[in-house]
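User: Please take a close look at one part of this structure, the open sheet and the side-chain links around it. I am a first-year student, so plain wording would help.

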Amino acid sequence: QVQLVESGGGLVQAGGSLRLSCAASGSFFSIKAMGWYRQAPGKQRELVATITSGGTANYADSAKGRFTISRDNAKKTVDLQMNSLKPEDTAVYYCNAEIVTLMLRTMDYWGKGTLVTVSS
């Protein structure tokens, strides 16, 4: 069973930093893209950042210049370094991974989410 487990959320003051981590576990062939999404109260889930297996990153406009996504293919982890946090960054952050199963099917997996709260 494939699992994505996030860690690192919490409460931080505006202007502060947090680092989110996500680890993939279970039996599968490989991981393609990994990424972070977020969902604020009353809003739809939105992209924050993604990164390919080759290390090419893509950011939402709201994250550019403040957030950095990175991954360790050997450890099957993806991190999100968030700096200069704003109250509008408050949301549940979800890890996502495109995983190639042992049956060589590509499937989307999600973590359960970690809450980030930025106080003003």
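Analyst: This is a predicted model. A good place to begin is a single bridge: Thr68 has Gln81, a residue of E8, as its bridge partner. That bridge belongs to the pairing of E7 with E8, which is antiparallel and runs over 6 bridges. E7 and E8 are in turn part of an open sheet of 4 strands, ordered E1-E3-E8-E7 and paired in the antiparallel sense. At its edges are strand E1 (3-7) and strand E7 (67-72), each of which pairs on one side only. On average, neighbouring strands of the sheet are turned by 15° against each other, direction ignored.

Two strands of this sheet also carry a side-chain link. Arg19 and Asp79 form a salt bridge, with 3.2 Å from N to O. Arg19 lies in strand E3 (residues 18-25) and Asp79 in strand E8 (residues 77-82), so this pair links distant parts of the chain, 60 residues apart. The two partners can be described by their accessibility. Asp79 counts as buried because its relative accessibility is 15%, and the cut-off for buried is under 20%. Arg19 has a relative accessible area of 41%, so it is partly exposed.

Strand E3 holds a further link, this time a covalent one between sulfur atoms. The structure has 1 disulfide. It joins Cys22 and Cys95, whose sulfur atoms are 2.1 Å apart. The angle about the S-S bond is -80°, and the link is left-handed. Because Cys22 lies in strand E3 and Cys95 in strand E9, the disulfide ties together parts that are 73 residues apart in sequence. Cys22 is buried, at 1% relative accessibility, and Cys95 is buried too, at 0%.

Now to the charged pairs elsewhere. Side chains of opposite charge can pair when their charged atoms come close. In the whole structure, a search finds 5 salt bridges. One of the pairs is Arg38 with Asp89, at 2.9 Å from N to O. Arg38 lies in strand E4 (residues 30-39) and Asp89 in the loop between E8 and strand E9 (91-100), so this salt bridge ties together parts 51 residues apart in sequence. Both Arg38 and Asp89 are buried. These two residues also belong to a network of salt bridges that links Arg38, Glu46, Arg66 and Asp89. Another salt bridge joins Asp61 and Lys64, their closest N and O atoms being 3.2 Å apart. Asp61 counts as exposed, at 63% relative accessibility.

Strand E4 also takes part in a contact between rings. The search of the whole structure finds 1 aromatic pair. Its members are Tyr37 and Trp110, arranged edge-to-face, with 5.0 Å centre to centre and 65° between the planes. Tyr37 is in strand E4 and Trp110 in strand E10 (residues 106-110), so the pair links distant parts of the chain, 73 residues apart. Trp110 is partly exposed, with a relative accessible area of 36%.

Trp110 has a charged neighbour as well. The charged end of Arg45 sits over the ring of Trp110, 4.6 Å from the ring centre. Arg45 also lies over the face of Tyr94, at 3.7 Å from the centre of that ring.

Conventions:
Residues numbered from 1 in each chain as written. Predicted model: local features only at pLDDT ≥ 70, side-chain atom pairs only at ≥ 80, totals over all residues. Heavy atoms only, no water. Salt bridge = Lys/Arg side-chain N within 4 Å of Asp/Glu carboxyl O. Buried < 20%, exposed > 50% of the residue type's maximum accessible area, 1.4 Å probe, protein only. Disulfide = S-S within 2.5 Å. Pairing = 2+ DSSP bridges. Axes fitted to C-alpha atoms, helices over the stretch in contact; angles between N-to-C directions. Phe/Tyr/Trp six-rings, centres within 6.5 Å; stacked < 30°, edge-to-face > 60°. Lys NZ or Arg CZ within 6 Å of the ring centre and 35° of its normal.
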